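Got your viewer open? Let's take a short walk through this structure, one selection at a time.

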Amino acid sequence: MSYPFSPNPHPHAMGLMDFLNTEGEKKPVDAPQPTAGADALFGNADANTYTVASGDSLSKIAKNHYGDGTKWHQIYEANKDLIGNDPDLIEVGQVLTLPSL
């Protein structure tokens with residue numbers, strides 16, 4: 001579509017007509033694939049992190065992730081700056097790093 005004047009006073013800004021005219025030219029973006037295994041089951045997109053949910057404890061997370069609740073110490077050490085001095089005081093919504101063992 002050609003205009004006798006510029007419909008957009010800012011030639012480098014994208015206006016609605018520019019957007020509509022280029023819509024067909026856009027290439028699809030590859031979407032990230034869900035992670036398989038226990039982390040996908042618990043809603044984590046990244047196998048190296050875990051978002052704390054209500055009722056969680058470090059030992060419960062370790063049991064679910066590593067199959068051994070006594071490995072909570074490794075999770076605590078990897079997240080000590082976030083958690084603080086008391087490993088029992090994790091909060092819902094915290095994103096913990098789950099180290100590779």
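**Stop 1: helix 3 and its surroundings**

Begin with what packs over helix 3: the elements covering its buried residues include strand 1 (49-51), helix 4 (72-78), helix 5 (80-83) and strand 2 (95-97). Keep in mind as you go that this is a predicted model.

Now select helix 3 itself, residues 58-66, and show the side chains of L58, I61 and A62, which are buried. Turn the view to look down the helix axis: the buried residues fall within an arc of 100°, so they line one face of the helix. The spacing fits a general rule: an α-helix has 3.6 residues a turn, so residues three or four places apart point the same way.

Just after helix 3, click on G67, where phi is positive, near 85°.

**Stop 2: the largest nonpolar core**

Next, select Y50, V52, L58, I61, A62, I75, Y76, I83, I90, L96 and L98; these eleven residues form the largest nonpolar core. Which helix gives this core its largest share? Helix 3 does, with three residues. Helix 3 and helix 4 each supply at least two residues of the core. In soluble globular proteins, nonpolar side chains tend to be buried together.

**Stop 3: Q94**

Finally, move to the loop between helix 5 and strand 2 and pick out Q94. Is Q94 buried or exposed? With a relative accessible area of 11%, Q94 is buried. Show the backbone of E91 too: its nitrogen lies 2.7 Å from a polar atom of the Q94 side chain. Beyond its neighbours within four places in sequence, Q94 is in contact with Y50, T51, V52, L82 and I83.

Definitions and conventions
Residues numbered from 1 in each chain as written. Predicted model: local features only at pLDDT ≥ 70, side-chain atom pairs only at ≥ 80, totals over all residues. Heavy atoms only, no water. Buried < 20%, exposed > 50% of the residue type's maximum accessible area, 1.4 Å probe, protein only. Helix = DSSP H or I, 4+ residues; strand = E, 2+ residues; numbered from the N terminus. Arc of directions from axis to C-beta. Contact = heavy atoms within 4.5 Å. Polar contact = N/O pair within 3.5 Å; in protein donor to acceptor, adjacent residues only side chain to side chain. Core = buried A, V, L, I, M, F, W, Y, C linked by side-chain atoms within 4.5 Å.
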